[in-house]
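Me: Please give a close look at a single part, with strand pairing as the topic, and then cover the ligand site for context. State the cut-offs as you go.

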Amino acid sequence: MAASSESVCPYCGVGCGIRYDADRGSAVGWNGPVNTRGELCPKGAAAWDVVDHDERLTTPLVRVNGRLVEATWDEAFDRIEREFSRVAADHGPDSTFFFSSSNCTNEENYLLQKTARALGTNNVDNCARLCHASTVAAMGDRFGAGAITNSLSDLGEADVFLVTGANPAEQHPVIFRSYLLPALKSGTTMIHVDPRENQTTKAADIHLPVKPGFDIPLLNAMAAVVVEEGLVDEAFVAERTTGFETLREHLSGLDIDAEAERAGVDPDDLRAAASAYGEADRAAVFTGMGMSQHHCGTDNVQALINLPLLTGNVGKAGTGVNPLRGQNNVQGAGDVGALPNVLPGYRPVTDDDARAAVADVWGFEPPNHPGLTEVEATHRFGDEVRAAYVFGENPTVTEPNANRVREAFESLDFCVVHDVFPTETVEFADVVLPGSVWAEKSGTVTNTDRQVIRMNRNVAPPGDARADLDILREFAARVAGLDAPATPEGVFDELRRVTPIYAGMSYDGIGTGSQRWPFPEGATEGTAILHADAFESGLKTAPFRVVEHVDPADPVADDELVLVTGRVLQQFNSGALTRRSGVLMRMRGEDSLQIHPDDAAARGIDDGATVRVENDRGEVAVAAEVTPAVRRGTVFATFHYADPLVNRLTGDALDPTAKIPEYKHSAVRVTVEPEV
Ligand code: SF4
């Protein structure tokens with residue numbers, strides 16, 4: 001049984017165990033299922049800073065005559081019940097939208113998606129939409145499951161790591177230090193595909209600085225080298241794949257050197273990388289948002305998956321396709337159904353049997369048509385969508401084309417923000433509900449490794465703030481007439497009954513360890529390595545896909561550069577939490593624009609100068625960091641700060657399958673900011 005204090009870090013998807021140490025007055029690590037020696041990165045070590053912060057929301061707020069004023073919980077919920085009922089009655093349930101939270105527990109996400117469905121809409125999504133929706137779509141198509149194929153503990157057996165569009169040294173530091181670095185020190189070769197040199201690149205043997213938006217030519221060329229050099233695992237291809245001849249025909253028509261140059265990389269380096277990957281006995285792919293956040297993100301990952309299928313690197317230790325997930329429960333939020341097209345356990349809402357199965361437990365059948373995704377919904381605010389519930393997300397900072405998003409929020413009839421701080425999105429709220437942070441609640445989260453881990457309450461929420469599950473229980477009762485179980489354990493027991501991949505788990509069984517999905521009813525443990533004898537699709541074989549390059553949505557004029565956004569070690573996502581940590585702000589309190597020395601010289605930009613970055617969507621001012629770490633023609637900034645709000649510049653062209661926006665390629669003009 002878990003001790004009462006053991007919890008999980010609120011930041012990245014690694015899922016490190018942390019707890020409050022009253023003697024030190026800070027968060028400390030415990031020997032969790034992933035950070036087995038209690039190790040934490042700077043963000044986890046600073047996690048207590050957000051618990052006792054003086055900007056915490058401590059009482060409900062309602063907007064009166066344009067101002068948010070303090071209210072009782074009853075006053076806040078009366079207003080919510082009245083307005084949601086009115087909007088749903090006047091415009092139908094699909095005029096409501098629910099932002100669920102990949103930073104909150106499985107139980108909370110489960111209850112919010114159930115509430116939306118009880119109200120009569122599948123309009124519920126979480127910020128998985130903005131990070132790995134395309135990865136999940138491509139892997140689901142090929143393998144039948146969109147999650148990590150392997151487990152962290154076996155990946156060290158790889159001879160080669162192919163890291164594409166990910167920067168684990170800074171984004172998943174405990175994975176990097178505890179699982180990848182020891183393997184690298186023992187001789188594993190690392191290939192890093194990224195337009196920018198970062199801390200991961202420093203540990204790599206081969207760096208392919210791909211031109212943003214040109215991953216498909218690079219990956220096709222690597223596959224062509226594997227075929228040309230006879231590195232195909234013929235037995236695996238014959239037994240476990242379909243469509244090889246069609247792919248081979250396509251690849252044989254490619255000019256490998258020309259494709260490498262099109263992708264912006266040295267052909268010899270590309271050939272060396274492909275040979276290393278193809279010759280390895282075991283090769284593991286790690287993939288991140290550099291791949292997924294494109295309007296061809298699904299195709300990018302489809303092209304990537306051809307490599308392990310060609311070389312037999314699926315279904316055994318030290319291999320596979322391993323997405324590195326961003327937030328501490330982005331995996332679980334999707335697992336338990338906080339997505340508009342699937343029910344808990346990724347069963348399509350269009351599947352009659354799946355709806356009937358949940359109806360047996362819920363007592364009502366969810367709607368049979370997919371709902372809107374997150375960015376699609378904001379594009380319809382004020383029109384098709386009139387009311388929104390925003391739980392633990394900060395979309396006015398994190399969604400692309402932020403000026404448009406802010407106008408969209410202004411056009412809503414009614415907006416509830418349920419959060420722990422007065423985030424930038426609170427500016428648009430009609431009602432604000434003060435929730436709880438990691439140390440103040442109990443429940444489960446599912447990490448990037450498919451491990452379900454328990455969080456346990458350390459301290460009470462401040463003032464009148466409440467545990468998030470209690471708030472969501474009352475919301476569910478008020479707007480949808482639901483009587484949800486009163487405890488996280490009770491909700492977990494219900495959710496596992498409608499989530500087949502969790503069906504055999506139990507809250508007590510997780511204890512201070514973890515249980516990994518898939519864990520079907522009757523099983524004694526979960527499955528660490530997927531697709532060993534058959535794919536999760538139920539098929540023995542996975543298909544090859546022929547993938548063609550698609551130009552980025554933003555054309556780039558001669559005087560423009562390509563903006564790529566990303567993250568840094570010391571901050572996290574919209575910064576709503578980390579920008580309130582004194583320690584982390586001292587480590588990295590401001591954003592900068594990384595620009596190549598040649599591009600800076602051509603524009604008369606000195607290191608440290610304030611530059612204006614603009615396009616038709618907006619403009620920001622930011623300090624220039626002149627560095628050869630970024631490739632010529634490319635600039636880099638984070639999206640952690642509200643000022644500069646870099647997402648004013650990013651585009652909202654969507655991947656047609658996964659509806660993920662193209663954050664990783666925005667054309668911008670960069671000039672020296674005139675002095676005023
Ligand atoms: Fe938290 Fe991730 Fe750092 Fe672990 S690696 S302490 S989960 S931010």
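Reply: Two strands pair if DSSP finds at least two bridges between them; strands (E, at least two residues) and helices (H or I, at least four) are DSSP runs, numbered from the N terminus. The model is predicted: local features need pLDDT of at least 70, side-chain atom pairs count only at pLDDT 80 or more, and totals for chains, interfaces and linings use all residues. Residue numbers start from 1 along each chain as its sequence is written.

The part chosen is strand E4, residues 61-64. E4 runs antiparallel to strand E5 (residues 67-70), and four bridges join them. In this pairing, arginine 63 has leucine 68 of E5 opposite. The hairpin of E4 and E5 has two residues between the strands, and asparagine 65 adopts a positive phi near 50° there. E4 is also joined to strand E18 (residues 431-434), again antiparallel, by two bridges. Here valine 62 faces valine 431 of E18.

Next, the ligand site. The shell holds 13 residues, counted as near when the C-beta atom, placed from the backbone, lies within 6 Å of the ligand. Cys9, Cys12, Cys16, Cys41 and Gly44 come nearest. Helix H1 (42-45) and helix H8 (173-185) each give two or more residues to this shell. Because domain 1 (7-50) and domain 3 (133-323) both contribute shell residues, the ligand lies between them; the domain bounds come from an automatic or database assignment.
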